[in-house]
Amino acid sequence: MSRRWNDVTRETRCAWGLGGARAAPRWRWLWRRRRRRGGGRGHGAQRRRGGHLVPRGRRRRGRGADGAAARGRAGVGLPLLQRLRAARERGFDLAASTTHDDGGYLFGATVFAGEEQLADKAYWNIAFGLNDAVFADAGDCTLVTRATASDTPLAVLASGFALPEGEVYPVIDWNVPLTNAAGRVCGAHAVNAGTEVATTYVGYISAPNQFTWGQDPVTLDNQLDRATGELTKAAACPAGYGLVGESCVDVDECALGTDDCGGVNPTCVNTEGGFSCVGTEVLGFGGVRSGADLRAGYVSVSAGESITVALKGDGTVIAWGGLSSGVGGVPDGLTAVAVDAGGAFALALRPDGTVVAWGSNYSGETDVPAGLSGVVAISAGREYALALKGDGTVVAWGNNSVGQTDVPAGLTGVVAVSAGEYDALALKSDGTLVAWGSPWSEVASSLPTGSDFVGIACGRDYALALKADGTVVAWGMDDNGNTSVPTGLSGVVAIDAQEYALAVKADGTVVAWGYGGQGQTTVPGSVSGVIAVSGSPDHVNALKADGTIVGWGSDSYGQCDSPGGAIDVVAADGGNAHAIALKSDGTVVGWGSEQYAQVSPPAGLDALAIVASYYESLALEAAGTVVGWGYNNYGQTTPPAGLTGVVAIGAGTWHALAVKSDGTVVGWGRDSNGQATPPAGLSGVVAVTGGYYHSVALKSDGTVVAWGLNNAGQATVPAGLGGVSKIASGLYFNIALKSDGTVVGWGNLLPPAGLTDVVDIAAGDSHGVALKADGSVVTWMSWSDQGARNVPTSVTGIIGVAGGGYQTLVLRQTTFAPAPTVDGLSATSGAAGATVTVTGSSFERLVGVRVAGRTTPWTVDSPTSLTVAVPEGCGAGAIEVETITGAAQSAATFTCL
């Protein structure tokens, strides 16, 4: 199926035309993207900002008469200033100071007496110096002196001195020239000339800017520009500005190469006082989720039937896989603290203790009881659900064919629940078990006795219980050896049950036993660092301590691993259960189902266009050749020998098409209905697409030709159709975008009436997508909604759309924050459940937070502040912050108590 952005030619690798073969030129500025590094630009130069050329003029900041930035700082009265500056020269030698820390920072303090006393105040100066080791070769430098007055005299301390506390007076700064004497940086200097100096203190502090001035911190100004060796007053200008003479001038980080866009967005855009990283990304909705910020930071995962539902540390809920039940349509804006996937539906527990359910509703499993609140845990069975309330009671709803929702009367004191296929299990606070449901599975009738159970998992006609000593007990039906716990299994910290059993050990390894017909019990040897595991009938998902998800078993719908995505792209396309994206450098990345290696392109590709079909992918190379990979049962990924001069490609179900530079079409692969054999004499073609056994071609004159299977009229082009700029095909239908912004459809799925102002179109198996000029997305579907239509209204900046299978892909331009920094922690230790404030910068688009290597929930309070929860058993280590553009970690070690 030609669900693609395939109108990319050599000229449009960085200039993607949205209108297909005849794209509107106004869009093309969006794709001029190359990072500028090195080489300054004059003040009269031009630069691009947000797609528009803007003058490069710099904005000057106003400054006071004394040279300080005019930002409201009070100054000392002029008479005092005149007296201080007019005083006779008198100095002292810092080199004569006593023993000090060579790595420390030099300071001098002088207290004035005599004529400088005024109104019974002792005026004094603090002179802030320089680090000997770091600035040993700085040569001449400048020492910044601050002056104020206080009632309290300075006290002499063995380790230095204490600044006076009490009333804080206005401050004035001025510069005192220093010289590098006797091999010491600023070793001797003259300061506070001509006054009667009562006391002089000289010493060292361990770090700059550590003085306390009354109740407020003193900001001291010296900073060496290590690139130039020049000493500047950094504190006089805000971040993103440099001091040039007496003016603060905007720094062009892009031209200087001082930006940090993380390597994923090569376009740096200078802004006043800073810079931004502008790029493009692909977001996927429906069966194959995508987005670069979905790759890590998970705190919970649950495997359903050919689907996976996961929870990120910020409360975002994500679903991917087959999603035939509509589980991919996660409610827009949902924030949760727990998730669980059932047979064909999913549950989410909100922070306020309420429950949300979505997906199939065959037996009322998504009909959450009205007024249900105070919930602390949830569990989804095959077609029913359990909710544990904070008071220790249990609520159940959905299918009750064998009593699985008949919660025993008077059941209280419950601390955990587990819903199996037809059995329900509860763990009480006293360590005992309670079960109900299916009479034939013996889960309830063979319930183990004892009071040392700490975890439960109910599977298909059997159950598991985790004991306090780390061993596992299994009971019920043993059709596939699922109740035969491996001999000697111990050190278990988590369990799960399906037709097979799973156990996570304290060392992060996974043990599996029971039915493994699709590889569920064959744990890959590379899997390690696991803290939780979830199984479904066909696959397993494991959550690792670092917040990533790995999977094994059947991956026919891409349900195993966590979603991927791409940044810095110019085109993308989706197949049945996979997606691929073309990056501006000609490389191709993929994610989703890897059942036939359809997301793993050959090495060394230099692609100009891509297309994804059912289980296969194709790329048009810069040399005019075509490369294919993935499923090849009909030779659809093997282009005809000698095929060259290709300018456009397309694909349908198990067949492929290529447009040559002479306007002719070549087809290969399955040809059961003639879909791979273009009509005789077809020429002047500029684009091709395909559906289920049919093909469509767009000609340079704006007309359309179709051939192949015509059971739904998909090969019968509407009479008089012309002025077409782009085409797209689903299984049994086609869509045509006209140059006037209207859309025409034919086959078994038609677009909504009155659809206008459209700039791009796409088609999946059974849904259509249109992007309007205002950036909104319109979708329509014939028979099922599997999440492909759920493009959140909060997604802005969309500039292109694509479809495939049961997914919708959108390409959007966005601004990414630079790589983050971590400056400090509010605490360096804490117990599990406590919170820590992390300060720094660029916390937008957070991917994940780890405490000592273990992922944890987080809240972004602002771009410079995070609230992080301390996880269980995290040990000791740095707090790591990862965003879409990079990662940073704290200098301090955090210890979990």
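This is a walk through some strands and salt bridges of the structure above. Keep in mind as you look that the model is predicted.

Let's begin with strand β45, which spans residues 616-621. Six of its six residues are buried, so the strand is mostly covered, buried here meaning under 20% relative accessible area. Its side chains point in two directions: Glu616, Leu618 and Leu620 go one way, while Ser617, Ala619 and Glu621 go the other. Whichever way they point, all of these residues are buried, the glutamates Glu616 and Glu621 included.

What lies beside β45 in the sheet? Strands of a sheet pair through backbone hydrogen bonds, either parallel or antiparallel. Strand β44, residues 607-612, pairs with β45 in the antiparallel sense, over five bridges. A hairpin of three residues carries the chain from β44 into β45. Strand β46, residues 626-630, also runs antiparallel to β45, and five bridges join these two. Here too the connection is a hairpin, with four residues between β45 and β46. If you look into that turn, you will find Gly624, which has a positive phi of about 85°.

Leu618 is a handy landmark for finding your way around these strands. Its bridge partner in β44 is Val611, and in β46 it stands opposite Gly628. Leu618 is also among the buried residues of β45.

Further along the chain, you come to an open sheet of three strands, in the order β47-β48-β49, with antiparallel pairing. β47 (646-652) and β49 (665-669) stand at the edges, and each has a single partner strand, so one side of each is left without a neighbour in the sheet. From one strand to the next, the twist averages 20°. To follow the pairing in detail, start with β47 and β48: six bridges join β47 to β48, residues 655-660, and the two run antiparallel. One residue pair to pick out is Ala651 with its bridge partner in β48, Ala656.

Now for the charged side chains. Side chains of opposite charge can pair when their charged atoms come close. The structure holds twelve salt bridges. In one of them, Glu281 pairs with Arg845, with the closest N and O atoms 2.9 Å apart. This pair links distant parts of the chain: Glu281 is in strand β19 (residues 274-286), Arg845 is in the loop between β63 (835-841) and β64 (846-851), and they are 564 residues apart. Glu281 counts as buried because its relative accessibility is 0%.

Another salt bridge joins Glu882 to Arg295, with 3.3 Å between the closest N and O atoms. Here again distant parts of the chain are linked, 587 residues apart: Glu882 sits in strand β69 (residues 879-883) and Arg295 in the loop between β19 and β20 (298-304). Is each partner buried or partly exposed? Glu882 is buried, with a relative accessible area of 15%, whereas Arg295 is partly exposed at 31%.

A third example is the pair Asp452 and Lys467, whose side chains meet at 3.5 Å, N to O. Asp452 lies in the loop between β31 (433-437) and β32 (453-458) and Lys467 in strand β33 (residues 462-467), so their salt bridge ties together parts that are 15 residues apart in sequence. Asp452 is partly exposed, at 32% relative accessibility, and Lys467 is partly exposed too, with a relative accessible area of 23%. Finally, salt bridges that share partners join Glu305, Arg382, Glu421, Arg460 and Glu499 into one network.

How values were computed:
Residues numbered from 1 in each chain as written. Predicted model: local features only at pLDDT ≥ 70, side-chain atom pairs only at ≥ 80, totals over all residues. Heavy atoms only, no water. Buried < 20%, exposed > 50% of the residue type's maximum accessible area, 1.4 Å probe, protein only. Pairing = 2+ DSSP bridges. Axes fitted to C-alpha atoms, helices over the stretch in contact; angles between N-to-C directions. Salt bridge = Lys/Arg side-chain N within 4 Å of Asp/Glu carboxyl O.
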